[in-house]
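Notebook open, structure loaded. I want to look up a chain contact first, then the cores, then one helix.

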Amino acid sequence: MNSVLAAVSQDADIVVAQNVFFGVIAVSMLYAAIRVVTTSNVVHAALWLVVALAGVAANFILLGSEFVAVTQVLVYIGAVVVLFLFGVMLTRASLGDDESVAQEKRSMAAVVGVLLFGVMAFALIDTWSDDRLVIDEPQQVTEVSDSIFSQYIIPFEAISVLLLAALIGAIVVARQD
Amino acid sequence: MLLNQFLLLAAALFCIGVYGVLVRKNGMLVLMSVELILNAVNINLVAFGALTDDVGGEVFALFTIAVAAAEVGIGLAIVLLMYRNRRSIDLSEADLMKG
Amino acid sequence: METIADLDWLLTALVFAPLAGALVMALFPQDEEELHKRLALLTSLVTLGLGVFLFVEFDYDNAGRLQQFVDWDWIEVIGAGYTMGVDGMSLPLIGLTVLVMPLVFIYSWDHIPKPGNAKAFLMLMLILETGMIGTFVAQDLILFFVFFEVVLLPMFFMIAVWGGEDRRYASLKFFLYTLFGSALMLLSFLALFFLTTDPATGEHTFNMLVLSESAGDGIVRSTQLIIFGGMFIGFGVKVPMFPFHTWLPDAHTQAPTQGSVILAAVLLKLGTYGFIRIAIPMLPEAAEAWAPWIGLFAVIGIIYGALGCLAQTDMKRLIAFSSVAHMGFVMLGIATLTDFGINAAIFGMVAHGLITGMLFFIAGSVKERYHTLEIDRLGGMLVQAPKLGWILGFCAMASLGLPGLAGFWGEFPAILSAYNPAAGIPEETFRGYMVVAAIGTVLAAGYLLWLLQRTAMGEPSEEFANDPEITDVSTIEWIAWTPFLFLIVLFGVAPGLIFEVTDPAVVESLNNCIQVGCEVAGG
Amino acid sequence: MNALLAAALPVFTEGPSEVSSVTREANWFLENAFIIPLLPAISFLLILFFGKRMPKKGAEFGIAAVGIAFVLALITGAAWLDHRDNFDGQLSESPATGIEPAHDDHADDGHADDGHEDEGHEDEGEDEHAIGVVADDGSTSSDEVALAVEAEGDGHGEEGHAYVAVQNSTQWLQSGGIEFSAGTLVDGLSVMMLFVVTLISLLVHIYSTDYVSGDRRYTHFFAFLSLFTASMLFFVLSDNILQMIVGWELVGVCSFALIGHWWEEKPNSDAALKAFLTNRVGDVGLLVGMITLFFAAGGGQTFDTLSITNTINQGGVSHTALVVAAAALMAAVMSKSGQFILHTWLPDAMAGPTPVSALIHAATMVVAGIYMVARLYPVFWEGMQIPGSSINLLATVGAVTLVGAGLLAFVQTDIKKVLAYSTVSQLGYMAMALGVGAWTAAVFHLFTHAFFKANLFLGSGSVAHAVHSFDMKKDMGGMRTFMPQTYKTFIIGSVALAGVFPLAGFWSKDEILVGTGGWGIFGGTGGPGSYTFHLTMGMIGAALTAAYMTRCVYLTFHGEYRGGDHGHDDDHAHAHDDAAHHGDPHESGPRILYPLYILSGFSILIGLVNLPPGFQLVPESWQERFLHFIEPAGASYFPAVGHATPSWSLAIISSLIAFGGAGLAYWYYFVKVDGLARSTGQKLTELPNGLVTTNAWARAGHKVLVEKYYLDHLYTGIIAGATKGPIARAANWTNTHLIDGVVNTAGETAVRTGRQVYDKIDQGLIEGFINGSGRVSDATGQELRRINSGKVQNYAAILFAGAAILAGAFIVILAL
């Protein structure tokens with residue numbers, strides 16, 4: 001971790017603002033994410049999810065991917081979260097304290113999570129310790145669209161079919177008969 | 001900026017998502033945790049895309065978002081179905097696979 | 001090693017024909033059972049036809065070289081290719097697979113296990129066939145791994161859905177065990193990938209030919225040992241070798257008859273095949289260091305499996321335990337690292353496939369008639385169903401290694417080769433193993449004949465004395481079983497049929513070892 | 001064991017040495033002897049597939065095949081007699097090499113050996129299998145001929161020809177550079193065995209058509225008889241040790257199937273299992289011994305019997321290797337040929353039908369061990385250090401067996417068990433003879449024993465056929481009045497077995513005694529060693545044999561008929577369970593009697609084929625014919641066995657001893673017991689049996705008489721060969737309690753261990769390790785639940801944890 005911090009401080013004079021911004025976003029995102037997985041109120045969880053997803057969108061902007069950020073906001077915050085809220089309403093799941101999660105289960109999951117993070121962090125630091133990102137200018141949307149419709153046309157088609165299938169599947173599964 | 005700050009953030013988000021998937025009893029909340037995981041992956045994709053200056057990372061992030069939307073749709077449908085059949089979406093009661 | 005590229009479509013067709021059949025079956029609704037049975041049988045017969053064509057096309061004078069070789073690009077990024085080929089080592093096993101499957105489908109004609117759904121059941125078996133043939137023809141580690149894993153899932157479902165009482169437990173155990181092994185195996189593959197470079201291109205490669213030819217060149221000895229250890233566990237679980245065997249009795253006992261037959265006849269061979277195709281040629285130095293341990297586990301398996309058999313009260317479980325003992329002989333042959341021993345191992349695989357597969361068929365038919373496999377409750381089968389009883393006796397004799405039947409040629413040469421293992425392997429140790437293995441044959445005779453005595457001989461118990469369900473072998477069973485019985489005799493009388501094919505390939509694969517300093521004795 | 005095995009390393013460097021006394025080119029019948037086993041094999045298949053549909057239920061196939069095989073065996077034998085003296089063909093260089101191009105039927109042999117630059121063989125250079133055979137730079141064929149000529153000088157025949165075996169082999173398979181061949185080796189020994197096996201098999205086939213008629217598995221019975229005959233012939237003709245193993249196991253499995261022929265009753269299947277498993281124990285020795293020979297003497301390249309024995313005979317193998325091989329093979333001999341301590345299966349094997357006992361468990365299969373020792377004699381000759389020794393394992397085991405089993409025969413009431421113990425005892429004679437170096441005597445005894453023992457077994461079967469029982473005491477007695485023909489043949493067999501001049505047993509037994517070379521005072525010297533102890537045991541055995549056969553004859557054929565009222569209550573008489581009771585026993589039919597007549601004829605006459613030298617009553621050219629034709633004297637693969645000089649004095653003394661034994665038994669049974677039974681009017685079963693049932697006598701009210709009798713008997717016992725009761729009983733007790741006990745305990749322990757291992761280790765430990773990972777985690781505070789809880793999330797947790805751990809491991813490996 002030290003090396004990361006050291007690298008950050010070396011870098012500080014160039015992109016201080018970005019780094020500060022990143023730090024704020026990261027902290028709030030992580031807090032929101034933790035709340036999502038710990039809060040006992042389902043509706044609160046959904047709302048904290050909005051914060052986390054917005055943080056992700058902000059990260060995309062930091063990385064120069066504006067189009068993705070916009071899509072993130074539109075699809076996730078606009079659609080998915082609303083879908084969740086609808087789901088909460090429809091299932092009339094207890095909005096209050098339903099999470100009497102056993103302590104052992106929590107600690108087990110925590111151990112798994114920390115272990116996983118440890119391994120990943122080690123691997124990442126080990127591998128990418130010095131790599132820097134130089135974001136000169138945001139990615140052009142045209143570039144994105146060009147490559148979607150040329151190089152990635154087949155995956156794109158596959159995704160369309162998938163969406164269709166999901167649509168039909170969701171209807172079939174949820175149909176009341 | 002370092003590449004690693006994004007990657008580590010994504011890793012943290014991912015692990016939080018995993019934690020959520022593992023502990024939450026409410027099916028709805030599990031789905032939300034899955035969204036966290038997917039978003040962590042998206043950060044990685046975009047970050048690597050930025051590193052290599054390749055538009056592929058973004059494209060795949062977009063695809064992931066689309067897939068995630070589909071996944072939420074299906075997932076919610078299953079949760080609804082489960083609710084309809086059992087009047088509960090408590091996953092700890094769903095143990096058909098018990099050996 | 002030179003390869004022969006002959007017909008580039010043949011292996012692909014052979015591997016994917018069953019999968020194509022399964023896809024065709026997917027188009028038809030589930031309730032047309034008859035149609036599905038026909039389709040499945042047809043598919044497997046087409047595959048058998050392709051297999052026969054492969055046998056015809058095979059150049060037996062060059063059995064040591066890879067034939068019908070294809071090497072296409074697949075996943076360029078990681079250097080994995082679509083590389084396939086057949087040589088004398090894989091040919092008998094492919095033959096076994098394509099032969100066993102149609103017979104299993106014939107047997108399925110009126111033996112679809114509960115809870116029915118012939119379509120899914122048959123489709124799973126076809127997918128299984130693709131995986132099995134694919135594993136035997138793959139010449140690229142990633143391709144091999146993919147096929148190796150493709151086998152896993154259909155088997156899991158076959159046990160979990162169509163199995164016996166404890167099916168969930170057994171299937172999970174099977175799945176976790178093999179997955180655990182596969183994970184270590186994959187790690188070893190990756191390590192090999194990163195530590196070896198193709199001398200031609202200077203890049204890392206998954207190509208098995210290149211890896212066999214470099215034979216661990218340039219990898220530190222200690223690293224070789226670790227990599228081999230990963231493969232040892234990965235393949236050893238599948239074999240199964242002694243400490244990793246406990247999934248086998250459960251899986252066999254709980255699986256439906258067809259599943260047990262396929263498991264015994266082909267699936268277990270994937271592990272031993274991995275040893276002789278991948279582990280030993282690619283890391284000969286480590287193989288030499290590991291050989292005494294492999295041999296030790298092999299002979300422990302022989303004795304232990306036999307003792308386990310003696311304690312069983314369930315017929316199917318007993319047969320399953322006997323697999324542990326028999327695969328011990330195969331592993332002993334492999335552990336000698338001599339061409340003679342490995343030939344014996346391949347023969348042992350084929351023989352075990354035929355014999356134990358046949359025994360499981362019998363167990364299935366007994367279960368169907370008596371609705372139990374508890375040895376103590378059975379008895380007098382020779383009175384009520386004499387032909388079934390005699391076939392059981394025949395298979396017991398074949399299984400205990402009676403000369404003139406196939407089992408002998410897997411067992412005796414393995415023991416023989418243990419007298420004189422490859423240079424560099426402690427001779428005294430292996431001679432001790434030889435004696436222990438020979439004692440194992442006594443125990444084998446013990447449990448098999450005891451089984452025969454308790455189930456087939458004597459008078460039928462009162463419980464079943466007048467049971468009208470207990471009939472003799474039916475026509476469909478005859479059709480499915482006759483090829484097995486015939487081949488058991490044929491390979492027993494003319495073992496050269498297999499040895500002639502395998503020998504050049506084994507010599508070739510061990511030749512690579514010699515070039516890097518792992519000397520091979522015998523012959 | 002490891003150290004021993006390690007010491008058995010081959011010292012052998014140059015490949016198998018040349019065998020000079022072998023040819024490929026001989027009379028057609030000698031070359032193509034493979035037809036003889038082929039015929040019964042074909043018959044087996046025919047019976048299997050068509051037997052049930054034939055008018056005679058398959059018996060006709062068996063009889064026809066064995067009949068033709070017998071004729072062929074006769075012709076082969078005649079051809080051998082001619083070949084032995086008049087062969088002048090070409091010797092082959094080495095058994096694994098040198099097919100004459102002229103022989104097209106074997107041209108595919110693939111035995112070209114490029115080490116020989118003989119012109120005649122160059123055209124086979126293209127044979128691909130030649131690579132596997134490491135060539136030995138042996139002598140050229142002209143050397144061979146010279147050798148053979150040299151050998152002629154040593155040969156002791158007036159005809160001046162060396163002993164030349166005929167071998168023909170073809171490649172069976174090839175693996176790892178090792179060639180496995182299959183072939184026939186025809187020499188005196190195998191020709192003799194061909195004759196014995198086919199003749200007795202034929203007679204047993206004929207006999208069985210009557211004896212097992214009406215049996216519900218009649219067809220099976222004949223199928224297995226055919227298979228047995230084929231396997232046995234395959235075994236005796238085998239030209240390599242691998243083929244011997246194959247034949248050895250095949251006869252074992254036939255024996256298993258036939259002992260268990262009436263498997264409905266548990267004792268029968270138990271006996272079958274016991275036989276097979278005991279033999280399997282010996283097979284461990286067989287495998288180890290043969291493999292040791294293969295590597296030590298065959299150079300890891302050839303299984304060929306002749307080149308192995310040749311190599312050993314030329315001193316090419318270390319003594320340690322031979323000791324290991326000989327000791328391991330001894331185990332096989334002890335199990336197959338019923339030597340002490342592995343003999344216990346043989347009496348139990350009498351659970352099988354009587355014709356089977358005659359064929360398999362008396363005349364042929366049980367002598368397979370003896371045959372193997374005779375065939376691989378150099379191994380034992382060197383390994384056991386037979387020449388010049390006074391004691392060795394093989395001879396001693398044989399001696400102990402012959403006396404121990406002879407004693408046991410006295411306490412049996414089942415007639416077949418008496419004969420079975422007698423067989424064990426006679427096999428002991430053969431093993432002892434081989435052990436002391438009297439090769440010819442052993443083989444000759446094998447030859448004569450086959451006839452009179454088959455005769456006795458078939459005779460006992462004839463009696464049992466009439467009374468539906470094998471129990472001499474309960475159901476027999478006085479049979480001579482009912483079955484005079486059977487009685488006569490039985491008497492001939494008994495007298496031959498007891499070794500009374502001039503019947504067959506006398507000649508062979510006397511030759512063995514001479515061969516021990518002990519007791520030089522009788523002039524019986526000149527044998528390879530000086531085995532005084534073994535001579536003594538042989539003498540005791542002779543007396544015992546005569547005595548127990550007298551007892552057997554008395555109990556069966558003399559005295560009052562004791563059967564009749566209790567019908568068939570014996571388990572053994574299954575063949576007739578379904579037949580109506582015949583009333584009084586009566587003589588058997590012709591299909592039973594004619595085989596008995598033929599065998600009796602052989603029992604009387606067959607001993608004359610090997611009259612000892614110096615037997616002045618016949619011309620010299622009649623003497624030692626058997627030795628001349630059978631023993632491979634002077635052959636390069638056979639040790640230079642010395643021959644003891646027979647002496648009249650020894651013959652007379654041994655005869656007297658045998659007569660003494662018989663006389664004592666006669667006096668006891670025919671005079672004492674018979675008189676008692678007559679005077680008291682009681683049946684034999686109600687009579688006290690001397691030592692044993694003192695109290696019963698008291699109950700009978702003849703206390704005083706019995707006490708006297710008791711003492712009388714005791715004295716008699718001391719003179720007749722010490723107290724046969726206690727010793728035999730002790731031996732019997734040892735047999736049933738100690739040895740059987742060990743076998744049973746071993747079996748039970750194995751099962752118990754298996755169960756323990758399974759319960760504790762398999763299900764407990766290893767299972768526990770897998771399933772109990774939750775408990776383990778509990779203990780370490782992780783509180784993981786059991787894996788298979790059915791909770792998806794638990795699975796997911798394991799998945800992620802596993803992925804993390806594996807990824808970690810991967811990183812660590814990459815970091816290496």
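I started with the contact between chains A and B: 57 residues come from chain B and 77 residues from chain A, with contact meaning C-beta atoms, placed from the backbone, within 7 Å. On the chain B side, helices H1 (3-23), H2 (27-52) and H3 (56-86) each give two or more residues; helices here are DSSP runs of H or I, at least four residues, numbered from the N terminus. H3(B) gives the largest share, 20 residues. I split that side of chain B into 45 nonpolar, eight polar and four charged residues, where Ala, Val, Leu, Ile, Met, Phe, Trp, Tyr, Cys and Pro count as nonpolar, Asp, Glu, Lys and Arg as charged, and the others, Gly among them, as polar.

A note on provenance: this is a predicted model, where local features need pLDDT of at least 70, side-chain atom pairs need 80 or more, and totals for chains, interfaces and linings use all residues. Residues are numbered from 1 along each chain as its sequence is written, while chains are lettered from A and ligands numbered from 1 in the order written.

Next I looked up the largest nonpolar core, which has 463 residues; a core joins buried Ala, Val, Leu, Ile, Met, Phe, Trp, Tyr and Cys through C-beta atoms within 7 Å. Helix H14 (residues 339-370) of chain C supplies its largest share, 19 residues. Apart from that core lies another, of 85 residues, including Val36(A) and Leu80(B).

Last, I checked helix H13 (354-363) of chain D: ten of its ten residues are buried, i.e. 20 or more other C-beta atoms within 10 Å of their own. Its cover includes H6, H7 and H17 of chain D.

Methods
Buried ≥ 20, exposed ≤ 12 C-beta atoms within 10 Å, placed from the backbone. Contact = placed C-beta atoms within 7 Å.
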